[in-house]
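Work through the following exercises with the sequence and the model side by side, and attempt each task before reading its solution.

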Amino acid sequence: MKVGKINDSQKYDSDKRHNNDPIKGDVALDEIDFYISEYTKRVNKFATKKKINERFAFFSVVVVTLSITLIYSPFLFGVDILEHEYLRLIVSFFLSISSVILLISYLVNRLKGYTRAWSRNRLMIEQLEILEREYRLSIRGKSLPIDRRYIKIEQENILSKLFELESKNRIATHTDIVGDYIAAHEGVFSWVKGLRK
């Protein structure tokens, strides 16, 4: 399911909280809306890639399980389902290909971090929505000509929180990318070392 922005009329008609009316031309809300839009695109992009990768992995697991069951049917069921040697060879081929696809889908997800990126960006949208709500409540009952100074202070406060949140997210993204590469490479090397023993 794609995360999409609902239009303002839907958003505000069903919500009965205080100060939930549309506010036009507010620099803080415009910035928050921009980041929500950007992170929504990222969530949708990574959700699609994550879903494709999960389908490849699921298909591979099913084929690997079925192939192993067929190959070891004499031991499991007492009956050799694959009576002919050429059938055993075909199933072994499918087992090998599926195992490679499973390993590649694991490595791609690990290296590219689709699941982690999807989750991190989705969390960022939730944090941005909380920030928006905090700002809306802070300027509740205030109007621009009268309370300009107060609104300006609140805008600066919320913008500093916004940019701090964005900065933390970028650092977390960098840490995740480096960590994913290290974990994937260590996993492959330990697997290769295990094969040598």
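**Exercise 1.** Leaving aside its neighbours within four places in sequence, which residues is Arg-120 in contact with?

*Solution.* The model is a predicted one, in which local features need pLDDT of at least 70 and side-chain atom pairs count only at pLDDT 80 or more, while totals for chains, interfaces and linings use all residues. Residues are numbered from 1 along each chain as its sequence is written, and side-chain values use heavy atoms, with hydrogens and water left out. Begin by locating Arg-120 in helix α5, where helices are DSSP runs of H or I with at least four residues, numbered from the N terminus. Next, apply the contact criterion, heavy atoms within 4.5 Å; with neighbours within four places in sequence set aside, this gives Asn-169, Ala-172, Thr-173 and Asp-176. Finally, note that the side chains of Arg-120 and Asp-176 are joined by a polar contact of 2.6 Å (a pair of N or O atoms within 3.5 Å, one able to donate a hydrogen and the other to accept it).

**Exercise 2.** Determine whether Arg-120 is buried or exposed.

*Solution.* Buried means under 20% relative accessible area and exposed over 50%, with a 1.4 Å probe and protein chains only. Because its relative accessible area is 14%, Arg-120 is buried.

**Exercise 3.** Identify the elements that give two or more residues to the largest nonpolar core.

*Solution.* Such a core is a set of buried Ala, Val, Leu, Ile, Met, Phe, Trp, Tyr and Cys residues joined through side-chain atoms within 4.5 Å. The largest one has 18 residues, and Ile-158 is among the members that touch the most others. The elements sought are α2 (27–71), α5 (114–138) and α6 (144–196), with α2 supplying the largest share, 7 residues.
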